[in-house]
Amino acid sequence: MDDNLDTLRDQIDGIELTDEERARLDDQGDALVITLEEPLVYTHSKLDDGPRTLEALTLPKRVKGKHLKKMDQASGEIGKGLALVAALAGLPAHAMDELDARDMDLCLVAIEPFLPKRRKTGRR
């Protein structure tokens, strides 16, 4: 078994992934490359020559404030998740409209260990 997958598996301990999902994750040290189940086809802007096709998304493990702030600009839980993935991947938010739901789910599960942990409230 690949050491990179073992490292990633340790990082997302407690989250169940199928063997097929694990095979789609490539831990490259400072980033995760997620091979998409369905290629993402989108138009970057109106000035673009035409549609772009991505077969994988590269998401940095260091989630920064600029990435999290993009979530504030989106409405709904799904919209916020898609906005975060778009910001991490360096894509326009509208590109995520074409992201397959299975790919979105895997992206969100894979980056979860790199998000800030919720602090408990109440007595210490």
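In which sense do S2 and strand S3 pair, and over how many bridges? The antiparallel sense, over eight bridges. The views below show a predicted model.

**View 1. Strands S2 and S3 pair side by side in the sheet.** S3 covers residues 52-60. S2 covers residues 31-42. The pairing of these two strands is antiparallel, with eight bridges. Leu-40 stands opposite Leu-54 of S3.

**View 2. S1 and S2 form a hairpin.** Strand S1 spans residues 25-27. S1 runs antiparallel to S2, and three bridges join the two. Asp-27 faces its partner position in S2, standing opposite Leu-32. Three residues lie between the strands. In this turn, Gly-29 has a positive phi of about 90 degrees.

**View 3. Three strands make up an open sheet.** The strand order is S1-S2-S3, and the pairing is antiparallel. S1 and S3 are the edge strands. Each of them pairs on one side only. From one strand to the next, the twist averages 30 degrees. In general, strands of a sheet pair through backbone hydrogen bonds.

**View 4. Helix H3 crosses helix H4.** H3 is residues 65-72 and H4 is residues 77-89. Their axes come within 8 Å and cross at roughly 145 degrees. The crossing is right-handed. On the H3 side, the contact is made by His-67, Leu-68, Lys-70, Met-71 and Asp-72. H4 contributes Lys-80, Ala-83, Leu-84, Ala-87 and Leu-88. By class, the residues of this contact are six nonpolar, one polar and three charged.

**View 5. The largest nonpolar core holds 26 residues.** Seven names stand out here: Ile-34, Leu-40, Leu-57, Leu-59, Leu-91, Met-96 and Leu-99 touch the most other members. Strands and helices both feed this core: S2, S3, H4 and helix H5 (101-111) each supply at least two residues. H5 gives the most, with six residues.

**View 6. Leu-91 is one of the core residues that touch the most other members.** Which residues does Leu-91 touch, leaving aside those up to four places away in sequence? They are Leu-40, Tyr-42, Leu-54, Leu-57, Ala-86 and Met-96. Leu-40 and Leu-54, both touched by Leu-91, also stand opposite each other across S2 and S3. Leu-40, Leu-57 and Met-96 are likewise listed among the core residues with the most contacts to other members.

Methods. Residues numbered from 1 in each chain as written. Predicted model: local features only at pLDDT ≥ 70, side-chain atom pairs only at ≥ 80, totals over all residues. Heavy atoms only, no water. Pairing = 2+ DSSP bridges. Helix = DSSP H or I, 4+ residues; strand = E, 2+ residues; numbered from the N terminus. Axes fitted to C-alpha atoms, helices over the stretch in contact; angles between N-to-C directions. Left-handed = near helix turned anticlockwise from the far one by under 90°. Contact = heavy atoms within 4.5 Å. Nonpolar A, V, L, I, M, F, W, Y, C, P; charged D, E, K, R; others polar. Core = buried A, V, L, I, M, F, W, Y, C linked by side-chain atoms within 4.5 Å. Buried < 20%, exposed > 50% of the residue type's maximum accessible area, 1.4 Å probe, protein only.
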